[in-house]
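Student: I am new to this structure. Please take a close look at one part of the surface, and then set that part within the chain.

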Amino acid sequence: MKKSLITLFATVCFLMSGILDLHAQGESRIGLKGGTDLYSSIASVSFFGLSVEETSDSKFGFAAGIFVEKPFSDLLSAQFEALYIQKGGKDHFSGTDFDVDVEDGEGKLTLSYLDIPAMLKLNIPIKSESVSPFVYAGGFAGYLLDATVGTDEGSFDGIEIKDLLNDINYGFIMGLGANFGAVSVDLRYDIGLGNIFDSEAELFEELEDELGDNEEFGDLEDLLDSIELTTSGLLLTIGYAF
C-alpha cells in the first residue's frame with residue numbers, strides 16, 4: 001500500500017509539473033471534459049497446467065476531469081489529463097449456479113479510479129476552419145479509489161472489495177476525435193495492462209495460514225499467484241477548452 005501511494009504520488013507530481021510548465025508558457029489549452037464509458041473485465045487463471053480466461057459483459061460508467069494540451073507544431077501536440085473514471089464489468093448468473101435460492105440476475109463489478117493519461121496527438125490537416133480531426137496514443141496510470149460488487153436487484157449491492165485489489169493500474173490508450181473550435185469530441189480504447197488482483201491481500205494471507213498444507217485445497221498460494229484480472233473498454237467524452 002505504501003509503495004503504491006509513493007508510486008502514484010511521484011507520477012502525479014511529474015505529470016502536474018509538466019502541465020503547469022506547459023500552461024505557464026501561454027500556448028496550451030486547458031479545459032474540462034466528461035462522458036460515458038463501456039468497460040469489461042478479463043480474468044484468467046493458470047493452475048495444474050490448465051489455463052482459463054473469461055471476459056465479462058460490458059458495463060456502462062462515466063468519467064469526468066480536466067485536460068491540458070500543449071502544441072509542438074500544427075501537426076503534433078501533447079495532452080495530459082486527470083480523470084475520475086468508472087470501470088468494471090458485469091455477468092449474468094442463474095439461481096441454478098448456486099446452492100442457495102437466488103433469482104436470475106446480473107452481477108456487477110464497479111471500479112472507481114483516478115486516471116492520469118498522457119498522450120501524443122497527431123492533428124490531421126484538412127481544408128476546414130471549423131473542424132480539426134486528430135488521432136492519439138499514449139498511456140495512463142490509475143489509482144483505485146473504490147471497488148464494489150453487487151447485483152442488479154440490489155440484494156448483494158455495494159460489497160467492498162478494494163482490499164482484495166491492487167491500488168495501482170496502468171495501460172495503453174489510443175483514440176480519435178475532432179475539435180470544433182473550443183469544443184472537442186473523442187473516442188478512445190483503453191487497454192489495461194496491470195494485474196489489479198492482489199494475491200497478497202491480507203484476507204488471502206489469513207486464509208493461507210488457516211488452511212496450511214491442506215491437500216484437499218492444494219497449494220492456495222500458487223493458485224492465487226496465477227490469477228490475473230485486467231480491464232479494457234471504450235470512453236466517449238466531450239470537452240470544452242477555455
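Tutor: What follows begins with a charged patch and then turns to the chain as a whole and to some single residues.

The model is predicted, so local features need pLDDT of at least 70, side-chain atom pairs count only at pLDDT 80 or more, and totals for chains, interfaces and linings use all residues. Residues are numbered from 1 along each chain as its sequence is written, and side-chain values use heavy atoms, with hydrogens and water left out.

The part to look at is a negative surface patch made up of Glu 160, Asp 163, Glu 200, Glu 202, Glu 205, Glu 206, Glu 221, Asp 222 and Asp 225. Patches consist of residues with over 30% relative accessible area and no salt bridge; like charges are joined within 9 Å, and nonpolar side chains (Val, Leu, Ile, Met, Phe, Trp, Tyr) within 5 Å. A salt bridge is a side-chain nitrogen of Lys or Arg within 4 Å of a carboxyl oxygen of Asp or Glu. Asp and Glu count as negative, Lys and Arg as positive, and His and the chain ends are not counted. The place of a charge is NZ of Lys, CZ of Arg, CG of Asp or CD of Glu. Accessible areas come from the Shrake-Rupley method with a 1.4 Å probe, and for residues only the protein chains shown count as cover.

At least two residues of the negative patch come from each of helix H2 (202-211) and helix H3 (220-225). Helices (H or I, at least four residues) and strands (E, at least two) are DSSP runs, numbered from the N terminus. Glu 206 belongs to helix H2. Glu 206 counts as partly exposed because its relative accessibility is 44%; buried means under 20% relative accessible area, exposed over 50%, and partly exposed in between (1.4 Å probe, protein chains only).

The protein chain holds 3 helices and 10 strands, in the order α-β-β-β-β-β-β-β-β-β-α-α-β from the N terminus on. Of its 242 residues, 41% count as buried.

Two of the strands can be followed through single residues. Thr 110, in strand S5 (residues 105-123), is buried, with a relative accessible area of 15%. Gln 86, in strand S4, is also buried, at 16%. Beyond residues up to four places away in sequence, Thr 110 touches Gln 86 and Asp 146, among others; contact means heavy atoms within 4.5 Å. The C-alpha atoms of Thr 110 and Gly 88 are separated by 4.8 Å, although these residues are 22 residues apart along the chain.
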